[in-house]
Amino acid sequence: MSPVSVCMHRGADYDVRMKLFLFAMVPAFAVVLAAPQGSDSPVRTGGAEPDRIAGKSLPATLVQDVVVPVPGEVFIVLEKLNAPNWRALLRAGEARAASDRARTALVLGTVIADGFVAVQAQDREEVKRIGRLVLTLSGAIGVRKSVVARSNSIIEAADAQRWPVVRSELDRALQDVQAAMIELHDEQLAQLVSLGGWLRGTEVLTTVVGGAYSPDGAELLHQPALIEFFQGRLADMDPRLKANPLVNEISGKLDEIRPIITPENGRRISREDVERLRAIASGLLRSILEKTA
Amino acid sequence: MNAWIPRQIGRAVWLFATVTLGPMTALGTVDDAISYALEAATKYIREGYTVREDQSGGDLAVGERRAIRYQLFKGNEYWFWGATDVEGAKFHLRVVDAKGNALESERWERGVAAGIRVLPPTTGTYYVVIEVLRSPEERTGWAVVYGFR
């Protein structure tokens, strides 16, 4: 079986089977009914040959993509390192849905990331506002139904100040939204939700690390597999999405980010690197939100 | 033409069964493996771990290995929990860095589940490798979930 190309709700082979189930039926029928009598109808399952781990001692078939961490994973390390002023990192202004669904998907990702910031700040009202906003934005891209219960859970847990539960519910909201989008054949938009979250997480990370630079803090930006993953996803998008000016802008900026967060030859990520990353991430966030706030 | 249509419909029905029922059977087994892995994770939630909703799973023949790539952050503690849905199957779970060096500070194996605790020495890319060592089934469903604190 081919390894998975997207590792999201339930990754790996599970995802491939689900895709086969959802997508193969109609074309399979079309092929069968249209095929001349007695001809073979090879069914393509897609996917290139899998990579292999470079290590000599443990070769294994590699699930091609990376499990994208939620922003909360790195925020917890920041808390241990710097104990940042999380309230100061909360974003002012209300993000809104745009007429462009790609932009709305990116906005949704940034808002879920904001939810993790609000959890770190233990700001009950902000978490509740974000829970409601997740629902509104999900509605704008046609997946409201799948996150109603999750949004309510976020609000209830925030009211009870059960922060670990809020963190889990935000993660579940992200997975639910993406799974619903995949069901609607909007897998590429689902990737933009992840990308939006990663960009907002990177903006927060660089702001904190840049404010009190330390090599340990800067090392948190060492994320080569993630940048490779997002670049690959954007490169594989259909031409219509690639031509979207916002997606195009992000794609160009990821090319600038890659060498910074993939330092070679033991080079450390410097204070200047962190500042440059922060400027790029903030610029992209402004572009994403400019027509929505 | 009239004789052609029923034969094509027959082929369509056969293909429908192959395409739909095959995956549905496997989905069931992966779901069970995910449930067992999440069950293994439950007690760690009480210890402050956040268990991710991003689960990986599939099925493997004996001797096959799968590797899942993760971005881990130095400073976090991670637990990876693996499970299979096949009673009597034995699998091995390990975490390695990009050079294939094994990495673990604690491990356990109980019944159909296993867990590994990892404290990443650096921030970067790591791989969780699962291998089915023996199984009474031709294909063995597996799942891996993880948590952090």
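B:Tyr78 is a buried residue, with a relative accessible area of 0%. The structure in which B:Tyr78 sits is a predicted model. B:Tyr146, the ring partner of B:Tyr78, also counts as buried, at 1% relative accessibility. This briefing covers the aromatic pairs, the charges over rings, a covered strand of chain B, the internal cavities, the largest pocket and one residue of a helix in chain A.

**Aromatic pairs**

- A pair of aromatic rings is described by the distance of the centres and the angle of the planes.
- Over all chains, the count comes to eleven aromatic pairs.
- In one of these pairs, B:Tyr44 and B:Tyr49 meet edge-to-face, at 6.1 Å centre to centre and with 80 degrees between the planes.
- Both members of that pair are buried, B:Tyr44 as well as B:Tyr49.
- The pair of B:Tyr78 and B:Tyr146 is tilted, because the planes of the two rings stand at 35 degrees, with the centres 6.3 Å apart.
- A plane angle under 30 degrees would count as stacked and one over 60 as edge-to-face, so the 35 degrees of B:Tyr78 and B:Tyr146 falls in the tilted class.
- This tilted pair links distant parts of the chain: B:Tyr78 belongs to strand β4 (residues 78-84) of chain B, B:Tyr146 belongs to strand β9 (residues 140-148) of chain B, and the two residues are 68 residues apart.
- Because buried means under 20% relative accessible area, B:Tyr78 at 0% and B:Tyr146 at 1% both meet the cut-off.
- A cluster is formed by B:Tyr44, B:Tyr49, B:Trp79 and B:Trp81, which are linked by ring pairs.

**Charges over rings**

- The face of B:Tyr44 has B:Lys43 over it, at 5.2 Å from the ring centre.
- B:Tyr44 is also a member of the ring cluster with B:Tyr49, B:Trp79 and B:Trp81.
- In chain B, B:Arg110 lies over the face of B:Trp108, at 4.2 Å from the ring centre.

**Strand β2 of chain B**

- Strand β2 (residues 55-60) of chain B is mostly covered, with six of its six residues buried.
- B:Gln55, B:Gly57 and B:Asp59 point one way from β2(B), while B:Ser56, B:Gly58 and B:Leu60 point the other way; the residues of both groups are buried.
- β2(B) runs antiparallel to β9(B), and five bridges join the two strands.
- B:Gly58 has B:Trp142 of β9(B) as its bridge partner.
- β9(B) is also the strand that holds B:Tyr146 of the tilted ring pair.

**Cavities**

- Two cavities of 30 Å³ or more are found in a search of the whole structure.
- The largest cavity holds about 260 Å³ of space.
- Its lining comprises 26 residues, and those closest to its centre are A:Val68, A:Pro69, A:Val70, A:Pro71 and A:Trp198.
- In chain A, α2 (71-82), α4 (101-121), α7 (163-183), α8 (187-211) and α10 (224-235) each supply at least two residues of this lining.
- Among these helices, α8(A) gives the most to the lining of the largest cavity, with seven residues.
- By class, the lining of the largest cavity has 16 nonpolar, eight polar and two charged residues.
- The second largest cavity holds about 60 Å³ of space.
- The residues that line the second largest cavity are A:Arg91, A:Gly93, A:Glu94, A:Ala95, A:Val111, A:Asp114, A:Glu126, A:Arg129, A:Ile130 and A:Leu133.
- Two or more of these residues come from each of α4 and α5 (124-140) of chain A, and α5(A) gives the most, with four residues.
- The lining of the second largest cavity divides into four nonpolar, one polar and five charged residues.

**The largest pocket**

- The volume of the largest pocket is about 590 Å³.
- Its lining has 28 residues, and A:Glu219, A:His222, B:Thr122, B:Thr123 and B:Gly124 lie nearest its centre.
- The elements that give two or more residues to this lining are α9 (215-219) and α10 of chain A, together with β8 (124-134) of chain B.
- Eleven nonpolar, eight polar and nine charged residues make up the lining of the largest pocket.

**A:Val165 in helix α7**

- Helix α7 of chain A contains A:Val165.
- A:Val165 counts as partly exposed, at 27% relative accessibility.
- Between A:Val165 and A:Pro224, which are 59 residues apart along the chain, the C-alpha atoms are separated by 30 Å.

Terms used: Residues numbered from 1 in each chain as written. Chains lettered and ligands numbered in written order. Predicted model: local features only at pLDDT ≥ 70, side-chain atom pairs only at ≥ 80, totals over all residues. Heavy atoms only, no water. 1 Å grid on protein atoms, 1.4 Å probe; cavity = no way out; pocket = protein on both sides within 12 Å on 5 of 7 lines; lining within 4 Å. Points joined across faces, edges and corners; volume = space filled by probe spheres on them. Nonpolar A, V, L, I, M, F, W, Y, C, P; charged D, E, K, R; others polar. Phe/Tyr/Trp six-rings, centres within 6.5 Å; stacked < 30°, edge-to-face > 60°. Buried < 20%, exposed > 50% of the residue type's maximum accessible area, 1.4 Å probe, protein only. Lys NZ or Arg CZ within 6 Å of the ring centre and 35° of its normal. Pairing = 2+ DSSP bridges.
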